[in-house]
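Work through the exercises below with the sequence and the model open side by side. Each task is followed by a solution in steps.

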Amino acid sequence: METLVCVAVWAVAMAMVVASVMWAYRWSHPRANGRLPPGSLGLPLLGETLQFFAPNTTCDISPFVKERLNRYGSIFKTSVVGRPVVVTADPELNYYVFQQEGKLFESWYPDTFTEIFGRDNVGSLHGFMYKYLKSLVLRLYGQENLRAVLLDETDRACRASLASWAAQPSVELKDSISAMIFDLTAKKLISYEPSKSSENLRKNFVAFIRGLISFPVDIPGTAYHECMKGRRNAMKVLKKMMRERMEEQGRQCEDFFDVLIEELGREKPVLTEGIALDLMFVLLFASFETTSLALTLGVRLLAENPTVLDALTEEHEAIVRGRKEGCDAAGLTWAEYKSMTFTSQVTLEMVRLANIVPGIFRKALQDIEFKGYTIPAGWGVMVCPPAVHLNPEIYEDPLAFNPWRWQDKVEITGGSKHFMAFGGGLRFCVGTDLSKVLIATFIHHLVTKYRWKTVKGGNIVRTPGLSFPDGFHVQFFPKN
């Protein structure tokens, strides 16, 4: 009897080993109706997730992508957080992916990203619903409202912030710029004013951001856990705000949240409360974090490149000299903003090097054939902007901060094969114009009224998102 038990146990163990080996083989050798791109799917389930999130302390392409580009070429396969993904640094494939959205590809992000941004977040919506939400957001961030309202409010925010910082021994620049932009945009979105609120809403978003692009382990003490906690707290504030406004009789439309609540109150609303709340959450985050990172890196780059700073200062001092006496207090005009040719070049160079978005994700809706490779239906596709923006075959000396490389180029109003800092295709960032206005306005007041020096910090880390782990502490001095 004992012998039979031992044989049975041995048989079960061997069966489990064989099954595991077969499962691991199928994981590493997935079936496809054609030739898959070269690469490795790594360990079962885990894939190459650990390598993907490995830190990088330069502005260069991440080691994860660079090593695979050198080994496999501009299109390769991998697996991140349990999903097979084709990574593309090929400008032709990138452009094709963007142009075929809604036909051959659709917006997609790994499940962990969906948990972070919400199941009804705008990145997960398609077709009519996405276009409908985009049209609503453009009421706020489109050029018409920028020209009529937001330029003046941005100008006043930049003036006041820089004056406040110059009165302090030093400021941590990333956090200070984030606070300035968050206060500006949160007021337009939800009429939020930190001095009048009992809730420190930005604190929740700071916790959220720290774990946004981190290894997805939801255990207390991890960055991802703090990220999810920050989201829950922020959503709690937004849900409470929505309930209060919906119960308030005869409320006038004062901000963008009111616009969404009006849409919810229609006889046959297109929106749901979940979509409205997730949209507000994403807008509050996206409105300040990406621009503050690019601008912080930009200030560091200007300090390191005095020739660029001198040319930039000359352009803005010429604007000041061209004003009629007494007009300086009135702030920037739209005509002055549109005249900032070199500033526009500096902005493009800042965001090219900042590479705030390390990957833009889509999903293949059917088997796709491209350059002899097959992208199977259901697989993810990660367009890799840094690999394009830092490609020496596209940009000469790509790590150099050289705004003149944009001289005489056609104005960028959408994504292209060689530039996708603001996305591309149908999902070209609706906040692009606002970001450009914020950067230009900040630069105008910075270079015409202040000098600055680095006190400490300024080092960057990409994991793969950009961060300043030691902060970037700067001291400002009025010029006059």
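A disulfide is taken here as a pair of cysteine sulfur atoms within 2.5 Å. The model is predicted, and the values in the solutions are computed from it.

**Exercise 1. Cysteines**

Task: Count the disulfides, then state how Cys59 and Cys384 fit that count.

Solution.
- Step 1. With the cut-off of 2.5 Å, the count is zero disulfides.
- Step 2. Cys59 takes part in no disulfide, and the cysteine sulfur nearest to its own, that of Cys384, is 14 Å away.
- Step 3. Seen from the other end, the closest cysteine sulfur to that of Cys384 is in Cys59, and 14 Å is too far for a bond.
- Step 4. Cys59 has a relative accessibility of 14%, so it counts as buried. Cys384 is also buried, with a relative accessible area of 2%.

**Exercise 2. Aromatic pairs**

Task: Classify the ring pair Phe52 and Phe64 and the ring pair Phe182 and Phe288, and place each ring in its helix.

Solution.
- Step 1. Two quantities are needed, because a pair of aromatic rings is described by the distance of the centres and the angle of the planes.
- Step 2. The structure holds 17 aromatic pairs. In one of them, Phe52 and Phe64, the centres are 5.5 Å apart and the planes are at 90°, which is edge-to-face.
- Step 3. Phe52 belongs to helix H2 (residues 49-52) and Phe64 to helix H3 (residues 63-72), twelve residues apart, and the pair links these distant parts of the chain.
- Step 4. Phe52 counts as buried at 10% relative accessibility, and Phe64 counts as buried at 4%.
- Step 5. For Phe182 and Phe288 the ring centres are 5.2 Å apart and the planes are at 85°; planes over 60 degrees apart count as edge-to-face, so this pair is edge-to-face.
- Step 6. Phe182 is in helix H8 (residues 173-190) and Phe288 in helix H12 (residues 273-304), so the pair ties together parts 106 residues apart in sequence. Both Phe182 and Phe288 are buried.
- Step 7. Ring pairs also join Tyr395, Trp406, Phe419, Phe422 and Phe428 into a cluster.

**Exercise 3. Charges over rings**

Task: Which rings have the charged ends of Lys417 and Arg427 over them?

Solution.
- Step 1. The charged end of Lys417 sits over the ring of Tyr95, 5.5 Å from the ring centre.
- Step 2. The charged end of Arg427 sits over the ring of Tyr130, 4.0 Å from the ring centre.

**Exercise 4. The two faces of helix H6**

Task: Check the length of H6, then sort its residues into buried and exposed.

Solution.
- Step 1. H6 (residues 127-141) has 15 residues. From first C-alpha to last, H6 reaches 21 Å, close to the 21 Å expected at 1.5 Å a residue.
- Step 2. The buried residues of H6 are Met129, Tyr130, Tyr132, Leu133, Leu136, Val137, Leu140 and Tyr141.
- Step 3. These residues cover an arc of only 165° around the axis, so they lie on the same side of H6.
- Step 4. The face turned away from that buried side carries the exposed residues Phe128, Lys131 and Arg139.
- Step 5. The packing partners of the buried residues of H6 are helix H7 (143-166), H8, helix H11 (256-264), H12 and helix H17 (432-449).

**Exercise 5. Backbone exceptions**

Task: Where in the chain are the cis peptide bond at Pro464 and the positive phi values of Ser191 and Asp408?

Solution.
- Step 1. The cis peptide bond joins Thr463 and Pro464, with omega about -10°. Pro464 is in the loop between strand S10 (461-462) and strand S11 (466-467).
- Step 2. Ser191, which is not a glycine, has a positive phi near 55°. Ser191 is in the loop between H8 and helix H9 (201-210), and at 32% relative accessibility it counts as partly exposed.
- Step 3. Asp408 is not a glycine either, and has a positive phi of about 65°. The loop between helix H16 (385-389) and H17 holds Asp408, which counts as exposed at 76% relative accessibility.

**Exercise 6. Surroundings of His316**

Task: Is His316 buried or exposed, and which residues is it in contact with beyond its neighbours within four places in sequence?

Solution.
- Step 1. His316 is in helix H13 (residues 306-321).
- Step 2. The relative accessible area of His316 is 0%, so it is buried.
- Step 3. With neighbours within four places in sequence left aside, His316 is in contact with Met340, Thr343, Ala440, Ile443, His444, Val447 and Thr448.

Definitions and conventions:
Residues numbered from 1 in each chain as written. Predicted model: local features only at pLDDT ≥ 70, side-chain atom pairs only at ≥ 80, totals over all residues. Heavy atoms only, no water. Phe/Tyr/Trp six-rings, centres within 6.5 Å; stacked < 30°, edge-to-face > 60°. Helix = DSSP H or I, 4+ residues; strand = E, 2+ residues; numbered from the N terminus. Buried < 20%, exposed > 50% of the residue type's maximum accessible area, 1.4 Å probe, protein only. Lys NZ or Arg CZ within 6 Å of the ring centre and 35° of its normal. Expected span 1.5 Å × (residues − 1). Arc of directions from axis to C-beta. Contact = heavy atoms within 4.5 Å.
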